[in-house]
Each structure stands twice: as C-alpha cells, then as structure tokens.
Amino acid sequence: MFEPAAVLVRAHRPGADIALIERALNVPDALPSTTFVCVGDEISTEGQEGFLRGHGTQVVDGKLVATVCGVVERINKLIYVKTLNSRYVAEQGDVVVGRVADVAGKAWRVDLKSRQEAKLLLSAVHLPGGIQRRRNAEDELNMRAFFREAELISAEVQSVHADGSVALHTRSAKYGKLVHGQLVEVPPNLIKRQKQHFHTLEALGVELIIGCNGLVWVAPLRPDRAAAAAAAASGGADAQEQAEAEARPPPPPTKAQLEVVCRLANAIRALTRLYMPVYPASIMSTYEAAVEQGVALAGMLEPEFLEAVVGQEAHRRGSAMQE
Amino acid sequence: MEVDRAGPGPGSSRAKGRLPSQLRTIVSERCVLDRADGSAKWTQEGSCVLAAVYGPRQAKVQREDGERAVVEVVYKPRAGLQGHTERSRELDIRGVLEGIIPLGMHPRTSIMVVLQVIQDDGSVLSCALNAAVAALVDAGVPLNSMCASASCVLTQEGQLLLDPDSCEEKAATAQFCFTFPHHFDLTKSAEGEAVVSQAALGCRSHGNFKTGHLLEALQLCALGCQRVAAFARLSLSKSLPA
C-alpha cells in the first residue's frame with residue numbers, strides 16, 4: 001500500500017525559474033535580438049527573389065508585415081515569425097493526440113487544443129481486422145463502440161482546409177484509443193516535427209507518443225497489442241485474431257511499470273518547466289539523470305533537480321560547441 | 001512572469017507636481033496566469049486591470065460565425081456584479097479589439113478576453129484596453145496593429161488633464177477615452193519610433209463639452225498614446241530575446 005507523503009508547500013518566487021536558467025548557462029542578461037519584430041513591423045525581403053510567407057505574417061500593400069510579436073526565422077525561402085507561445089497549428093501528416101469532444105453524424109469532433117476542433121470521419125477510422133468496406137447505417141449507430149466522448153485517441157492529420165478546419169484519420173493499427181497511461185500537456189512550441197512520433201522503449205517497458213499538438217502520452221507497453229500491430233503491418237494476418245487481440249482488455253500494470261511511467265512523465269514536466277525542447281533524447285537523458293541521482297518521484301520537479309538538468313544541458317551545449 | 005516599469009514618475013497627484021499632460025507610472029506584467037493562452041496585468045499607479053485571453057479556440061455552435069472569428073469580452077468590476085456600465089464597456093472594448101484583430105483569418109473560432117478590475121483609481125477603461133492588447137500579444141494572436149489608449153478629463157475651469165485619477169474624474173465636467181492604433185517606424189531608428197496613427201480607433205466621451213474641447217482632447221490623448229506605445233515596445237523587446 002502507498003503511504004501518504006507529507007505535503008510540501010513552497011512559496012512562489014516570481015522569476016526564480018528564469019534566474020535558475022541564467023545562472024546555470026552563465027547568461028547574465030539576455031542580449032537584445034536584432035531580428036525581433038513587433039506587430040505591424042515590416043520584414044525585409046531584400047536579397048530574396050521569391051519567398052514563402054509563413055505563420056505570423058501578412059502582405060499589406062506589397063510589403064511583408066508581422067502580425068505577432070516575436071523573432072523572425074528564415075528557413076530557405078520560408079519566412080515566419082516565431083512567438084514564445086501560441087496554439088498548435090495543424091500541418092498535413094502530423095501525428096496528434098486528442099480528446100473526443102462530440103459524436104455526431106458520421107464524424108467525431110476531436111479537441112486538439114488548437115484553434116478549432118478537428119473532425120474524424122467515420123470513413124477514416126481503421127476497422128478492426130483491417131478489412132476495407134463501405135460504412136453503412138449500422139456503423140453510424142455504433143460509433144460509440146469505437147470512441148466515446150472524453151476518450152483519448154491518437155491520429156494523423158489527413159488534410160487542413162483553407163479556413164483552418166482539420167480532418168484526421170486513424171487508418172492504421174498503431175492509431176486509435178489510448179488507455180491506461182498518463183497524458184502530459186506541453187507547449188506545442190517545444191515539440192519538433194520528427195520522422196517518428198511513436199517510441200517504444202522496450203528496456204523500460206514503456207510506450208511514448210509525442211503528439212505534435214503538445215499532448216504527450218506515456219503508457220506501459222502492451223506486448224499483445226504490439227504484436228498485433230506488427231502482424232498487421234507485415235500484412236495478411238487473420239482478421240478474426242486481430243479483432244480479438246484489440247478487443248481484449250489490457251492486463252493491469254504492475255507497480256514497477258507505473259513508477260517508470262510516472263518518472264518519465266515527470267521528466268517531461270521538468271523539461272516543460274525549463275522551456276526546453278521535448279524529444280526522446282532529452283526525455284531519456286532527464287530520466288537517466290533522475291535515476292542516477294536517486295531523486296524521488298515528487299522531487300523531480302523541485303528546484304535542485306531542475307538545476308541539475310540545466311547543468312547537464314549547459315555541459316552538453318558546451319561540449320557540442322567545442323567539437 | 002516579466003515585470004516592467006516605465007521609470008519613477010514624479011508623484012501621482014497634481015498636487016505633488018504631475019503636469020496636466022503627464023502620465024502616471026505604468027507597470028506591465030506578462031504571463032501572469034498559467035491556464036490562459038495569454039495574460040497581462042497593467043497598472044497605471046492606482047488603477048490595475050488583469051486581462052486574460054483564451055483563443056483563438058473553437059466557438060460554441062450558437063455563437064460561431066462561418067466567415068470570421070468572434071470576439072467575446074467579459075469585463076468584471078472590482079466589487080459587485082456586472083451592471084449596465086460594465087456591459088457598455090464590454091461593447092466598447094469589443095469594438096476596439098475587432099478593429100485590430102484580422103477576424104477573417106480564423107473563421108469559426110472565438111477569442112475571449114476576460115478583464116478583471118483589481119484597483120480603480122481613474123482611467124480604468126484605458127487601463128483595461130492596454131491590458132487587453134498586452135494579453136493578446138502574449139497569447140500570440142495575430143494582430144493588424146497594436147493599439148494604445150489614454151484618458152483625459154475636462155475640468156470645471158476648462159482645462160484638460162491627461163490620465164486622471166478618480167477624484168479628478170468625479171469633479172470633471174467631461175471625460176474622454178481615446179484609443180489609437182500605433183506601429184513602429186524602423187527607418188527612423190533601429191529601435192523604432194512609435195508612430196501613432198492620426199485616426200482614432202475608439203472614442204468614448206461622457207459629459208458636457210464643445211467641439212473644440214473634443215478636438216483638443218484628441219490631440220492630448222494622441223500624445224499620451226505615443227508614450228504608452230513607446231513603453232509597450234520597450235517591455236516587449238526586453239522579454240523577447242534572441
């Protein structure tokens with residue numbers, strides 16, 4: 001049984017987190033940026049024959065003008081303004097984690113913590129067994145058997161329309177309902193788009209889904225589902241077997257598994273507190289640092305451990321610069 | 001949380017030496033609330049307003065517009081329930097914000113601005129508008145231009161006073177609150193000189209006055225807005241490093 005731990009109350013000191021980062025990275029005062037723009041400032045496009053207008057800009061009277069306050073980023077021909085925090089903006093092909101908000105008329109409305117709710121059409125979900133058939137009226141009535149309201153799902157962005165509405169699909173066995181795990185909300189700016197968003201950490205027995213919209217899912221690994229997904233990917237498995245494997249309830253996780261999941265989730269929360277990018281390597285290095293130093297689960301969010309994480313990052317950057 | 005001060009002002013009241021066209025000390029804090037998309041606390045010496053912005057996010061079906069974003073403003077007084085003055089201020093603030101947000105960019109979304117008056121010592125509407133714009137910038141909502149607001153009053157003797165406190169407002173014949181859009185002219189200097197547009201975005205007046213008074217109040221508030229704009233730029237450039 002768990003013993004209830006004593007409640008620790010710490011006074012809130014404004015600016016303490018920033019002071020911690022500045023101390024560790026030896027940055028006394030943040031240098032003013034030369035490419036900082038404010039709303040309405042003109043962005044120079046001289047020296048560029050053509051350019052692609054990105055987020056945070058608009059063309060007014062033939063001039064490129066910023067609509068948000070931030071730093072101008074230029075990547076090849078793309079010019080956009082990066083703000084410190086903004087809502088997630090969907091791009092085609094992003095892997096996202098969302099919560100079902102509503103079930104209505106041949107589609108689910110999924111909340112992605114973005115500007116609008118995304119739509120998941122009934123025709124775009126993966127049927128158990130991988131069979132392809134036309135959805136009929138009975139499927140429409142049984143939509144709740146797939147996903148109910150307030151359930152978490154992982155999906156991929158199929159398309160983004162001109163007015164900003166997003167269409168999702170779960171046309172693969174690896175997408176679908178997420179159960180028995182922990183969800184961590186991270187500012188979407190900290191998540192980089194990478195080739196792989198599904199990570200299976202077999203050594204720890206944990207699966208990690210880093211959604212591009214800032215929702216990160218950490219759950220104990222389910223070997224039976226993993227096997228079924230692998231079989232489906234290789235193609236040609238028995239439809240009946242697959243349906244059974246997916247319908248079977250998951251075995252209850254052990255205490256050791258839960259502890260690993262909580263520790264990983266806390267590692268992600270620590271990175272969020274320090275506003276550092278969240279990707280598998282940074283999560284694993286934070287996790288390993290916590291295990292090495294024998295930090296308690298709740299102690300991973302205390303200033304002492306955060307300082308250690310920042311120190312590690314400073315060391316990594318220093319050695320990277322020397323190379 | 002970032003806190004910026006506009007520099008020690010010479011005493012808040014006219015008795016202590018504040019000139020008729022001098023603003024009170026401004027303090028602005030960004031990122032005050034955790035759960036809101038953007039938040040800001042704007043203090044003009046005695047008046048303090050906390051603004052929170054939620055959005056752009058999915059609008060309720062009854063309120064969504066298929067072609068543009070919907071701006072919802074909630075203005076809460078320091079004490080008591082919302083009355084008719086609060087509702088009319090909500091309409092004013094909504095009109096001003098709809099002028100600076102490109103609504104057609106986000107159809108079917110809603111941008112909700114919640115304003116809570118923490119302290120009231122005159123010029124509260126200006127304070128609320130400045131706080132709302134700072135919160136919108138903090139939330140990363142795209143804007144066509146920034147805007148600044150300043151208030152002034154016409155005394156019994158016919159003198160105009162900028163940024164009045166509550167006793168001056170009570171004793172005044174007329175009260176004005178002007179909002180101007182501003183942008184920065186980067187050709188003049190590297191930091192950018194604040195250029196306040198000639199056209200006002202919002203004007204709220206109350207009381208007994210002549211046309212001449214209105215035009216003079218417009219000029220005086222434009223001057224005040226220039227200083228508010230310079231302060232807003234300074235506070236943003238300090239909190240957005242490379």
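What follows is a chat between a biologist and a modeller about a predicted model.

Biologist: Why is Asn76(A) called exposed?

Modeller: The cut-off for exposed is over 50% relative accessible area. Asn76(A) comes out at 73%, so it counts as exposed. You'll find Asn76(A) in the loop between strand E5 and strand E6 of chain A.

Biologist: And what makes the phi of Asn76(A) worth a remark?

Modeller: Phi is near 55° there, a positive value in a residue other than glycine. Ala150(A) is another such case, with phi near 70°; Ala150(A) sits in the loop between helix H3 and strand E10 of chain A.

Biologist: What makes Arg233(B) and Asp41(A) a salt bridge?

Modeller: The rule wants a side-chain nitrogen of Lys or Arg within 4 Å of a carboxyl oxygen of Asp or Glu. For Arg233(B) and Asp41(A), the closest N and O atoms are 2.9 Å apart, so the pair fits the rule. Across the interface of chain B and chain A, three salt bridges turn up. On the chain B side, E4, helix H2 and helix H4 each supply at least two of the residues touching chain A.

Biologist: How big is the area that chain B and chain A bury between them?

Modeller: About 2,600 Å², with 55% of it on carbon and sulfur atoms. Interface size is often given that way, as accessible area lost when the parts come together. In residues, 32 of chain B are in contact with 30 of chain A.

Biologist: Which peptide bond is cis, then?

Modeller: The one from Gly55(B) to Pro56(B), with omega near -5°. Pro56(B) belongs to strand E4 of chain B.

Conventions
Residues are numbered from 1 along each chain as its sequence is written. Chains are lettered from A and ligands numbered from 1 in the order in which they are written. This is a predicted model: local features need pLDDT of at least 70, side-chain atom pairs count only at pLDDT 80 or more; totals for chains, interfaces and linings use all residues. Side-chain values use heavy atoms; hydrogens and water are left out. Helices (H or I, at least four residues) and strands (E, at least two) are DSSP runs, numbered from the N terminus. Buried means under 20% relative accessible area, exposed over 50%, partly exposed in between (1.4 Å probe, protein chains only). Contact means heavy atoms within 4.5 Å. Buried area is the accessible area (1.4 Å probe) that two parts lose on being put together, summed over both.
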